[in-house]
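Colleague: Could you walk me through how to read a few features in a model like this one? I'd like the general idea each time, and then the case at hand.

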Amino acid sequence: FGFARNDPSQRRLARGDLPGVCLVQLARGDKELGIRESENFFYTIHQGDNPANFRVDQPGELDDASRHAFQLFTLAHLGGEPFFLFYELMQAAIGNFNEGRYRHSVLEASTATEVLISTILRLAANKHGWEGEQTKKMLKKYLKPKISDHLSELSNCEVDFDNPENPFALWNDGAYKIRNNVVHEGAEASREDALRTLNDVSRLVSTLKSGLLSTSSTQDIGHALKWGKIT
């Protein structure tokens, strides 16, 4: 997103104001939704009063692969992609980081983490045959109890807050504390704080994705999460 900072015509993209641009970049590929991670392809997207009015600047010039990616974006924004809100929040966090709005970046990335974990728990609970009321009771818990009580079981990830090398311990000692300082103490956030938060969240996403992919019952959830490296 840094390329857009000094270009007024692209400034909204840098701030992360345009929903789903990141997903379009990630999704550009063949008709089987194959991801070409080496490509960096962005669309300029305009939002009208109705989300159905999203369009690209010159839709008539899109090739088949590009048109397919934009259709995927439209469907996702209208609710067909379970992790779309997480993508939007992370896009906003990166955009705010690039603009030097570090507290905003910390808050967006922290909210993205909560959305991601709740989404994974809801989807994985369904895969494990949980009853609806059982899932609702779990999702009403605060974030830390959700993680410590349920995430390891449902996502096949090792959660160990006492192991300083565990991704969840690193997040707890870094991003989570930074977020709490900003929210509860009104503290400022430095560039290093925001960068630490983004790195901690990215590490968590990769850990969760790998855990989901490691068991047959949750593999489709892992494949749906098009963010993070497989560790």
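Colleague: Let's begin with a helix: what should the 15 residues of helix α4 span at 1.5 Å a residue?

Modeller: Keep in mind that this is a predicted model. The expected span of a helix is 1.5 Å times one less than its number of residues. For helix α4, residues 84-98, that gives 21 Å, and the end C-alpha atoms are 21 Å apart, which agrees.

Colleague: How many residues of α4 are buried?

Modeller: A general point comes before the case. An α-helix has 3.6 residues a turn, so side chains three or four places apart point the same way. Here, twelve of the 15 residues of α4 are buried, so the helix is largely enclosed by the rest of the structure. Among them are F86, Y87, M90 and F97.

Colleague: And what follows α4?

Modeller: G100 does, and its phi is positive, near 80°.

Colleague: On to the rings. How many aromatic pairs does a search of the whole structure find?

Modeller: Five. To classify a pair, look at the angle between the planes: under 30 degrees is stacked, over 60 is edge-to-face, and the rest is tilted. F86 and Y87 have ring centres 6.0 Å apart and planes at 55°, so this pair is tilted. Both residues are buried. W171 and Y176 also form a tilted pair, with 4.9 Å between centres and 40° between planes.

Colleague: Are W171 and Y176 buried or exposed?

Modeller: The cut-off for buried is under 20% relative accessible area. W171 is buried at 3%, and Y176 is buried at 19%.

Colleague: Which residues do ring pairs link into a cluster?

Modeller: F86, Y87 and W227. Two of these names, F86 and Y87, you have met among the buried residues of α4.

Colleague: Rings can have charged neighbours too. Which residue lies over the face of F161?

Modeller: For that, one checks the charged atom against the ring centre and the ring normal. Here it is K144, at 4.9 Å from the ring centre of F161.

Colleague: One last residue, then: where does Q219 lie?

Modeller: Q219 lies in helix α10, residues 219-224. With a relative accessibility of 34%, Q219 counts as partly exposed. Leaving aside residues up to four places away in sequence, Q219 touches L212 and L213. For a comparison of sequence with space, take Q219 and A124: they are 95 residues apart in sequence and 9.8 Å apart in space, C-alpha to C-alpha.

How values were computed: Residues numbered from 1 in each chain as written. Predicted model: local features only at pLDDT ≥ 70, side-chain atom pairs only at ≥ 80, totals over all residues. Heavy atoms only, no water. Phe/Tyr/Trp six-rings, centres within 6.5 Å; stacked < 30°, edge-to-face > 60°. Buried < 20%, exposed > 50% of the residue type's maximum accessible area, 1.4 Å probe, protein only. Lys NZ or Arg CZ within 6 Å of the ring centre and 35° of its normal. Helix = DSSP H or I, 4+ residues; strand = E, 2+ residues; numbered from the N terminus. Contact = heavy atoms within 4.5 Å.
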